[in-house]
Amino acid sequence: MLMVKSVSGDDRRSISRWIAKLERYNWLGQYDRQTSERRAMIARAELRLPYRSLGHGFYRLVYDLGNGYVLKVAISSSGLRCNELEYRLYTSCSKHIKQHLCPVVGFGHGWIMMRKMKVSGTGKQHKLKLLSKKFRKAGILPYDLKRANSAMYEGRIVVVDYGNFMW
């Protein structure tokens with residue numbers, strides 16, 4: 001069951017303004033050609049969220065909400081798709097797959113909220129290969145399944161970034 005959490009009204013408005021700009025930038029074809037560092041810098045300046053940034057990837061910023069959850073905000077059109085895919089996959093997969101996905105607790109246009117996991121690249125390579133087989137058996141192509149995107153939780157590997165999976 002998805003526990004629904006949301007970002008505050010001010011944060012939601014800030015994210016909505018940012019996503020509207022992002023979509024306008026993309027429509028003009030100006031933004032996705034920027035490096036991920038440049039996109040992250042622009043997004044942070046526009047968002048001005050009061051949370052500690054945990055970093056960024058190619059497509060999203062990650063903020064520590066300080067309450068056991070993280071907020072991922074899109075910094076590219078691909079980031080919008082990653083957020084939506086994580087939400088759809090988590091809410092529609094079977095229980096035996098869901099136990100290996102970081103729990104999604106909230107979702108909105110341009111953002112996704114997940115449980116914070118201590119990511120230390122703890123997934124052993126041979127166990128990641130076994131997990132990859134399990135995903136593939138379930139019809140999920142686990143692109144970008146690597147140690148840096150995994151955590152150990154209650155004795156099992158949990159994937160914290162599955163926005164590039166295909167299913």
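**Side-chain contacts, strand pairing and the largest pocket**

Val-159 belongs to strand S7. In this predicted model, Val-159 is buried, its relative accessible area being 0%. Ala-148 lies 11 residues from Val-159 in sequence, and the C-alpha atoms of the two residues are 9.2 Å apart.

Pairing of strands was examined for S4 and S5. The two strands run antiparallel and are joined by 4 bridges. Within this pairing, Gly-106 has Met-113 of S5 as its bridge partner. S4 and S5 form a hairpin in which 2 residues lie between the strands, and Gly-110 in the turn has a positive phi of about 95°. Of the 5 residues of S4, 4 are buried, so the strand is largely enclosed by the rest of the structure.

Strand S4 also takes part in an aromatic contact. In the structure, 4 aromatic pairs were counted. One of these pairs consists of Tyr-87 and Phe-107, which are stacked, with 4.4 Å from centre to centre and 10° between the planes. Tyr-87 is in helix H3 (residues 77-92) and Phe-107 in strand S4 (residues 104-108), so that this pair links distant parts of the chain, 20 residues apart. Both rings belong to residues with intermediate accessibility: Tyr-87 is partly exposed at 26% relative accessibility, and Phe-107 is partly exposed at 32%. The rings of Phe-135 and Phe-165 have centres 5.3 Å apart and planes at 70°, and the pair is therefore edge-to-face. This pair, too, links distant parts of the chain, with Phe-135 in helix H5 and Phe-165 in the segment after strand S7 (156-159), 30 residues apart. Phe-135 is buried, with a relative accessible area of 0%, and Phe-165 is likewise buried, with a value of 1%. Ring pairs extend this contact to a cluster of Phe-135, Tyr-162 and Phe-165. A contact between a charge and a ring was found at Tyr-90, where the charged end of Lys-98 sits over the ring at 4.8 Å from its centre.

Side chains of opposite charge can pair when their charged atoms come close. Over the whole structure, 10 salt bridges were found. One of them is formed by the side chains of Lys-116 and Asp-64, with an N to O distance of 2.7 Å. Lys-116 lies in the loop between strand S5 (111-115) and helix H5 (125-137), whereas Asp-64 lies in strand S2 (residues 60-64), so this salt bridge ties together parts that are 52 residues apart in sequence. The two partners fall in separate accessibility classes: Lys-116 is partly exposed, with a relative accessible area of 34%, while Asp-64 is buried, with a relative accessible area of 12%.

A further salt bridge joins Lys-146 to Asp-144, with the closest N and O atoms 3.4 Å apart. Lys-146 is partly exposed, with a relative accessible area of 39%, and Asp-144 is also partly exposed, at 32% relative accessibility. The side chains of Arg-156 and Glu-154 meet at 3.5 Å, N to O, in another salt bridge. Here Arg-156 is partly exposed at 23% relative accessibility, and Glu-154 is exposed at 61%. Elsewhere, Arg-60, Lys-72, Glu-86 and Asp-161 are joined into one network by salt bridges that share partners.

Two members of that network, Lys-72 and Asp-161, recur in the lining of the largest pocket. The volume of this pocket is about 580 Å³. Its lining comprises 24 residues, and those nearest the pocket centre are Val-62, Lys-72, Asn-149, Val-160 and Asp-161. At least two lining residues are supplied by each of strand S1 (52-56), S2, strand S3 (69-74) and S5. S1 provides the largest share of the lining, 4 residues. Strand S5 thus appears both in the lining of the largest pocket and in the antiparallel pairing with S4.

Terms used
Residues are numbered from 1 along each chain as its sequence is written. This is a predicted model: local features need pLDDT of at least 70, side-chain atom pairs count only at pLDDT 80 or more; totals for chains, interfaces and linings use all residues. Side-chain values use heavy atoms; hydrogens and water are left out. A salt bridge is a side-chain nitrogen of Lys or Arg within 4 Å of a carboxyl oxygen of Asp or Glu. Buried means under 20% relative accessible area, exposed over 50%, partly exposed in between (1.4 Å probe, protein chains only). Rings of Phe, Tyr and Trp (its six-membered ring) pair if their centres lie within 6.5 Å; planes under 30 degrees apart count as stacked, over 60 as edge-to-face and the rest as tilted. A charge sits over a ring if NZ of Lys or CZ of Arg is within 6 Å of the ring centre and within 35 degrees of the ring normal. Two strands pair if DSSP finds at least two bridges between them. On a 1 Å grid over the protein atoms alone, a cavity is a set of points where a 1.4 Å probe fits but cannot get out, and a pocket is an open set with protein on both sides within 12 Å along at least five of seven lines; lining residues have an atom within 4 Å of a point. Grid points are joined across faces, edges and corners, and a volume is the space filled by probe spheres set on the points.
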